[in-house]
Amino acid sequence: MGRAFVYVILGGGVAAGHAAHEFVKRGVSHGELCIISEEPVAPYERPALSKGYLLPEDPARLPAFHCCVGTNEERLTSKWYKEHGIELVLGTRVKSADVRRKTLLTATGETITYKFLIVATGARALKLEEFGVSGSDAESVCYLRDLADANRLVNVMQSSSGGNAVVIGGGYIGMECAASLVINNINVTMVFPEPHCMARLFTPKIASYYEEFYRSKGVQFVKGTVLASFDFDSNQKITAVNLRDGTKLSADMVIVGIGIRPNTSLFEGQLTLEKGGIKVNGRMQSSNSSVYAVGDVATFPVKTFGETRRLEHVDSARKAARHAVAAIMEPEKTTEFDYLPFFYSRVFTLSWQFYGDNTGDVVHFGDFLGNSFGAYWVNKGHVVGSFLEGGTKEEYKAIAKITRLKPAIEDLADLETQGLEFALALSRQAEPTEAVVVSSGSGSTIVTEKPLHAWHATAGVILAASIAAFAYLYGRRRRRW
């Protein structure tokens, strides 16, 4: 028993939904595309699970956040896939893959063949048992990776209202779930081994701001230690969390967010792996020319930094998925993937965005006592990363643009003084034809290098001619342009 398709997407997360949308935009024919997913529902925007899905009032529920509403496009419900002739094979696990024969074998015994395969299997949540701690199967211990996890977490939160929750982990899941727990009237203590929250991204100064904000909401922090064991009552319900430093925390529920591991097992020994993921080129193509990989499972070249990376974020998954489809369907028109790393989060009344890389010297700016501040990272004399909390749409676009431009910086102190205005001013400039020196007014300079587009040159000629004519006719006054 088997079926054959031209294109198969393995995985049913964000990347799968956006890839399907791109296939349709590029004219895929009915019956050519198949999506295989272990989840029982069509692909959805996974970030909703740690945000709107956990709200106590008017929570987000499907079909409201099916792909591709996360990028303000149409909602791809099961009906949409049917209307476009896309086969959804849901609730199905693939137990083996043979990339040489271009076949996938499902747990039900069906063989599915393909001409092109997009691997979008994502990642799984790391379990406590992988760190020598048992108890993951306890009724009130929750993880958050898929819809089933989210439903379980909602049920546990509802039964723990007014009680105590311990959040293990200080990253994305920990921070966003802690905020949701507070909103659900649950007392929260966060536990993580690092010296501050979001240690992979935040500087100590940035982290301090968010930790103080969380404390103002009643969240407590226990840092520099990890979970050791649980205490249970006679009904095997968790009553306390024991930490390695000897601390005991009362607990009615526990959320574990200690990282993820890419789902690469089907392709180990068949495809080249690197940095924990499937290594792909700038077209998202693996070591087997018929297999592409996108999302958390892919390690791809980040052109702006000249190295390969595996990025765990929804923005990367969406854009890489669309790029892979373009490379498959129109290879002669598709250039190398040129992605600027982007991360963001929204919790409580806070909202931040980060672009680029957090390496080199850090220059903080803004009001850390207010609600708008940020930072630049300067490595080898160039801006390589930018962070902003509480920005406007224009301000976020500005820090993204200057991070991609990678302007040269000669004076870090002057950059700190200029702060956000540096990004705003530079982003508003036309792209120069050659190195342009921007005076800061304090004696130091900032140099940018970027090629000029043709229309800028044309506009410059027209403007110069207009100025010359104006000066000729009205030469009584001199103007400095």
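**A pocket, a parallel sheet and a cavity in a predicted model**

Helix α6 (314-329), strand β25 (350-356) and helix α7 (393-405) each contribute at least two residues to the lining of the second largest pocket in this structure, which is a predicted model. The pocket in question encloses about 330 Å³ of space. Its lining is made up of 13 residues, and those lying nearest its centre are Phe342, Gln353, Tyr355, Lys397 and Ala400. Of the contributing elements, α7 supplies the largest share of the lining of this second largest pocket, namely five residues. Sorted by class, the lining of the second largest pocket consists of six nonpolar residues, six charged residues and one polar residue.

Helix α7 also holds tyrosine 396, which counts as buried because its relative accessibility is 8%, under the 20% cut-off. When residues up to four places away in sequence are not counted, tyrosine 396 touches Ser351, Trp352, Gln353 and Tyr355, together with Leu388, Glu389, Gly390 and Gly391. Two of the residues touched by tyrosine 396, Gln353 and Tyr355, are also among the residues that lie nearest the centre of the second largest pocket. As for tryptophan 352, its C-alpha lies 8.9 Å from that of tyrosine 396, although the two residues are 44 apart in sequence.

The protein chain as a whole comprises 481 residues, of which 51% count as buried, and its secondary structure comes to 10 helices and 31 strands. Among the contacts in the chain between residues at least 6 apart in sequence, 60% join residues that are at least 24 apart.

Within this chain, five strands form an open sheet with parallel pairing, in the order β10-β17-β11-β12-β13. Strands β10 and β13 (220-223) stand at the edges of this sheet and have a single partner strand each, so that one side of each is left without a neighbour in the sheet. Strand β10 (residues 141-142) runs parallel to β17 and is joined to it by two bridges, with valine 141 standing opposite valine 254 in β17. Strand β11 (residues 164-168) likewise runs parallel to β17, to which it is joined by four bridges, and here valine 167 stands opposite isoleucine 255 in β17. Strand β11 also pairs in the parallel sense with strand β12 (residues 187-192), over five bridges, and isoleucine 168 stands opposite valine 191 in β12.

In a regular strand, the side chains alternate between the two faces of the sheet. Strand β17 (residues 253-256) has Met253 and Ile255 pointing one way and Val254 and Val256 pointing the other way, and all of these residues are buried.

Two helices lie across strands of the sheet. Helix α4 (residues 172-183) lies across β11, β12 and β17 and runs at about 165 degrees to β12, whereas helix α5 (residues 204-216) lies across β12 and β13 and runs at about 135 degrees to β13.

Serine 140 is placed in the loop between β9 (123-125) and β10. This serine counts as buried because its relative accessible area is 4%, under the 20% cut-off. Leaving aside its neighbours within four places in sequence, serine 140 is in contact with Arg152, Val156, Ile238 and Asp252, and also with Met253 and Val254, two residues of strand β17 that point opposite ways.

A search of the whole structure finds two cavities of 30 Å³ or more, and the second largest cavity has a volume of about 60 Å³. This second largest cavity is lined by Tyr172, Met175, Glu176, Met198, Phe202, Tyr210, Tyr214, Ser345, Val347 and Trp352. Two or more residues of this lining come from each of α4, α5 and β24 (342-347), and α4 gives the most, with three residues. By class, the lining of the second largest cavity has eight nonpolar residues, one polar residue and one charged residue. Trp352, one of the residues that line the second largest cavity, is also among the residues touched by tyrosine 396.

Notes. Residues are numbered from 1 along each chain as its sequence is written. This is a predicted model: local features need pLDDT of at least 70, side-chain atom pairs count only at pLDDT 80 or more; totals for chains, interfaces and linings use all residues. Side-chain values use heavy atoms; hydrogens and water are left out. On a 1 Å grid over the protein atoms alone, a cavity is a set of points where a 1.4 Å probe fits but cannot get out, and a pocket is an open set with protein on both sides within 12 Å along at least five of seven lines; lining residues have an atom within 4 Å of a point. Grid points are joined across faces, edges and corners, and a volume is the space filled by probe spheres set on the points. Ala, Val, Leu, Ile, Met, Phe, Trp, Tyr, Cys and Pro count as nonpolar, Asp, Glu, Lys and Arg as charged, and the others, Gly among them, as polar. Buried means under 20% relative accessible area, exposed over 50%, partly exposed in between (1.4 Å probe, protein chains only). Two strands pair if DSSP finds at least two bridges between them. Contact means heavy atoms within 4.5 Å. Axes are lines fitted to C-alpha atoms, for helices over the stretch in contact, and angles run from 0 to 180 degrees between N-to-C directions.
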